[in-house]
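Reader: I should like to learn how strand pairing and chain interfaces are read from a model. Please take me through the example.

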2 protein chains.
Amino acid sequence: MTDLSSVLSRADQNLPASLERLFGFVRIRSISTDPAFKDDCRKAAEWLAADLREIGFEASVHDTAGHPMVVGHHPGAVADAPHVLFYGHYDVQPVDPVELWEDDPFDPKVKDLGGGRKIITGRGSSDDKGQLLTFVEACRAYKDVHGSLPVRVTVLFEGEEESGSPSLQPFLEANATELKADYALVCDTGMWDADTPAITASLRGLVGEEIIVTAANRDLHSGMYGGAAANPIQILSKILAGLHDETGRVTLEGFYDGVEETPANIKAAWEKLTGGRNDFLDEVGLSELAGEKGRSLLELIWARPTCEINGISGGYAGQGFKTVIASKASAKISFRLVGHQDPEKIRDSFRAYVQSRLPADCSVEFLKHGGSPAIQLAYDSPVLTKAKTALSEEWQKPALVVGVGGSIPIVGDFQNMLGMESLLVGFGLSDDRVHSPNEKYDLKSFHKGIRSWARIMAALAG
Amino acid sequence: MTDLSSVLSRADQNLPASLERLFGFVRIRSISTDPAFKDDCRKAAEWLAADLREIGFEASVHDTAGHPMVVGHHPGAVADAPHVLFYGHYDVQPVDPVELWEDDPFDPKVKDLGGGRKIITGRGSSDDKGQLLTFVEACRAYKDVHGSLPVRVTVLFEGEEESGSPSLQPFLEANATELKADYALVCDTGMWDADTPAITASLRGLVGEEIIVTAANRDLHSGMYGGAAANPIQILSKILAGLHDETGRVTLEGFYDGVEETPANIKAAWEKLTGGRNDFLDEVGLSELAGEKGRSLLELIWARPTCEINGISGGYAGQGFKTVIASKASAKISFRLVGHQDPEKIRDSFRAYVQSRLPADCSVEFLKHGGSPAIQLAYDSPVLTKAKTALSEEWQKPALVVGVGGSIPIVGDFQNMLGMESLLVGFGLSDDRVHSPNEKYDLKSFHKGIRSWARIMAALAG
């Protein structure tokens with residue numbers, strides 16, 4: 001099983017057929033959020049199970065309360081080889097507004113953009129049909145050359161990722177023994193740019209809180225009461241304004257417990273990526289880094305915790321003016337977590353802070369909106385190092401270790417429910433227009449994605 | 001014209017007929033805001049003009065772009081007697097929800113509540129038909145006894161007070177010479193309580209501002225951008241939170257320019273009224289004085305300037321949670337002014353303050369929502385002193401000099417457009433339910449209101 005170059009050649013030879021398979025898969029309208037496409041979702045699941053069986057997997061479609069799960073097992077060539085769980089999703093986003101698509105979202109093709117760039121069109125071409133098939137096609141190339149795989153593989157494909165994954169946790173719980181592996185491989189992320197592969201090693205966690213401050217028991221006329229009665233918007237503003245200090249740090253007691261500094265070499269690599277420019281902000285009309293002072297752009301969004309106000313409301317917000325002192329004002333606040341920050345401790349600290357800032361005759365109601373810890377793959381873990389080397393060899397450029405500012409729930413679930421770390425490798429590009437009209441996947445992403453997984457499997461087995 | 005006691009007796013004798021006239025007036029459905037009642041509004045105006053003519057006024061109904069104005073003139077008995085302009089409004093609020101009325105809103109009657117308390121029911125019984133007729137009926141009693149009035153009187157009754165008075169300023173401007181008098185008498189305010197008459201000597205002014213803070217040029221995902229991109233709700237919160245210092249004082253530069261301390265004797269009288277209790281707040285579920293520390297309840301709402309946030313909005317405020325960083329956030333802010341505070345200077349100071357707190361890559365839009373200075377009748381003016389004595393004699397209890405926390409636009413218009421101060425005397429009670437179902441006017445308010453105006457006219461003539 002050490003003849004990797006034959007496998008890579010085979011992947012190259014397979015490419016036209018691999019593309020035909022992807023086209024067939026994209027043609028299935030597996031829009032999970034719309035009940036009208038329920039049968040299509042099942043069809044996509046069955047398509048996958050059949051495809052897996054073709055390459056030696058024992059694969060089955062499992063019913064859930066929603067769309068079915070596909071589970072497949074391959075014993076690999078060596079009994080004590082590492083065991084990986086590969087995750088992807090076969091469902092896609094709706095295509096509305098369909099009139100904005102230049103090509104039929106469900107009739108994929110390869111388009112030549114000139115300059116050597118070719119793309120695969122269609123809904124799901126990138127997210128996540130194209131991405132997940134890179135792994136399946138890598139397995140196929142291995143199978144074609146060696147008759148087996150260099151690692152033991154379990155696959156899990158779900159059909160509700162684009163609609164909140166309601167069946168996922170129950171399914172993981174019920175099938176924990178069957179699904180547990182040494183670690184998970186997830187292909188639903190992107191490259192740094194079209195030439196630079198990336199491994200996502202950290203995902204920020206999240207704590208969501210809503211607070212509703214009540215002052216008087218009804219709305220008051222600001223002429224009659226103004227200056228004497230508590231104004232809940234004013235109280236709320238003071239509470240929110242006090243969440244950050246002058247340096248942009250979050251003021252909550254214990255907030256930075258469990259936050260570790262990013263290793264210097266990683267920080268240096270990130271700073272090199274942006275060259276100190278904030279192009280990422282320029283694109284949205286901003287030019288100055290907000291948040292903690294003295295940190296670089298990528299560090300702020302990948303490796304630092306935040307407190308953001310996501311919504312606020314109170315009093316009269318319509319056209320014109322109303323001289324009212326509202327009875328209530330509310331805000332939604334979220335915290336992005338990193339390292340080992342404890343979501344529930346932060347929630348408690350936040351609530352205590354709010355209570356401490358409240359006048360004695362006012363009250364506050366708290367609504368909990370989720371909490372999940374951050375995910376952090378150790379920067380020196382062997383899995384990460386092996387994957388990094390494999391990707392760097394394929395792309396002839398050092399693979400980056402990056403973070404994701406947001407959460408990917410499945411990774412938390414694998415961590416919490418199956419005790420597994422996840423290696424996130426994907427080949428999406430920032431212009432893939434996932435969730436939007438004219439979604440595409442670069443042909444190069446697909447082709448070199450397949451080759452990348454072949455290399456990663458070989459590396460993991462070694 | 002010095003025989004006041006005969007006039008008062010006559011007012012007593014007239015009361016049953018006065019009530020019948022009020023009932024006739026209330027029966028006219030002069031709801032100004034609803035075009036369906038346009039003819040009723042004209043009917044009310046004509047009813048008033050006819051009533052005025054009966055008692056010796058030269059009275060006419062003037063068309064406007066909206067509902068008509070009624071203007072009447074009475075030369076009085078003495079050519080160089082003081083000349084007053086009496087203002088009231090004949091339009092009323094809608095009656096919805098009509099099913100909450102215990103009695104037909106347009107079929108008034110006297111109801112005996114027991115314990116010697118009788119009320120007049122119906123929409124407008126207090127606001128402002130009952131109130132304005134107290135003055136007209138006082139004139140009638142004078143006319144009945146003396147054939148004339150002790151002062152020169154112009155009356156102005158409008159029909160759009162409950163719908164924003166759009167025609168008032170143009171009318172005052174076009175008829176300034178005809179309407180100008182030595183001072184105005186306005187009967188649209190209340191007593192302190194059922195036994196204690198009150199003169200309103202101060203009205204707070206108002207500056208309304210709306211600010212819209214824009215950060216990024218579109219809403220951002222808080223996972224992708226959180227910690228690096230400016231959050232307009234956070235910026236807005238800091239701006240709003242900085243408007244007051246720890247002692248509740250407004251921090252804007254120059255804000256307290258033109259604010260004078262209330263005379264000690266007036267402050268002492270106010271503190272005596274509440275006995276240091278905050279019942280006014282208790283009724284709305286609050287117990288602590290907000291706003292400037294070290295000031296009493298009545299001082300805060302009658303004689304101190306304020307800054308209130310009347311509305312705020314930004315980001316996602318619906319059910320559930322959305323991890324968004326909004327592009328925009330907005331707030332409506334109003335300042336109540338006292339003394340000689342200059343509305344436009346305060347607006348400028350506010351705008352400069354907001355600009356100074358804005359990150360360089362964010363912008364703010366300001367919307368102006370009106371500005372009017374405070375009204376303050378000199379506490380030692382002869383008119384105020386005479387009216388106070390007259391009221392104290394009628395009610396056998398010292399009349400209070402009070403403030404109103406809100407604005408009464410007509411008073412500002414008289415000040416600014418006609419150069420006239422206004423004396424505000426009214427007999428409404430806090431339980432009159434003006435603008436609500438089951439509006440009423442105490443029979444005692446009506447009866448002693450008539451007698452009060454007779455006394456005030458006599459005092460002003462003296």
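Reader: Which residue of S11(B) does Gly314(A) stand opposite?

Author: Strands of a sheet pair through backbone hydrogen bonds, either parallel or antiparallel. In this predicted model, Gly314(A) faces Ile312(B) in S11(B). The two strands concerned, S11 (residues 306–315) of chain A and S11(B), run antiparallel and are joined by five bridges.

Reader: How is the extent of the contact between chain B and chain A to be expressed?

Author: The size of an interface is often given as the accessible area lost when the parts come together. Here about 5,600 Å² is buried between chain B and chain A, and carbon and sulfur atoms give 56% of that area. Strand S11 (residues 306–315) of chain B supplies ten residues, the largest share of the side of chain B that touches chain A. That side comprises 32 nonpolar, 28 polar and 14 charged residues.

Reader: How many salt bridges and how many residue pairs in polar contact does the rule find across the interface?

Author: The rule finds zero salt bridges between chain B and chain A, but 36 residue pairs in polar contact, both residues at pLDDT 80 or more.

Reader: Which strands of chain A stand at the edges of the sheet S4-S5-S18?

Author: In this open, antiparallel sheet of three strands, S4 (110–114) and S18 (440–442) of chain A each have a single partner strand, so one side of each lacks a neighbour in the sheet. On average, neighbouring strands are turned by 35° against each other, direction ignored. Four bridges join S4(A) to S5 (residues 117–121) of chain A; Asp112(A) has Lys118(A) as its bridge partner in S5(A).

Note on methods: Residues numbered from 1 in each chain as written. Chains lettered and ligands numbered in written order. Predicted model: local features only at pLDDT ≥ 70, side-chain atom pairs only at ≥ 80, totals over all residues. Heavy atoms only, no water. Pairing = 2+ DSSP bridges. Axes fitted to C-alpha atoms, helices over the stretch in contact; angles between N-to-C directions. Buried area = accessible area lost by both parts, 1.4 Å probe. Salt bridge = Lys/Arg side-chain N within 4 Å of Asp/Glu carboxyl O. Polar contact = N/O pair within 3.5 Å; in protein donor to acceptor, adjacent residues only side chain to side chain. Nonpolar A, V, L, I, M, F, W, Y, C, P; charged D, E, K, R; others polar.
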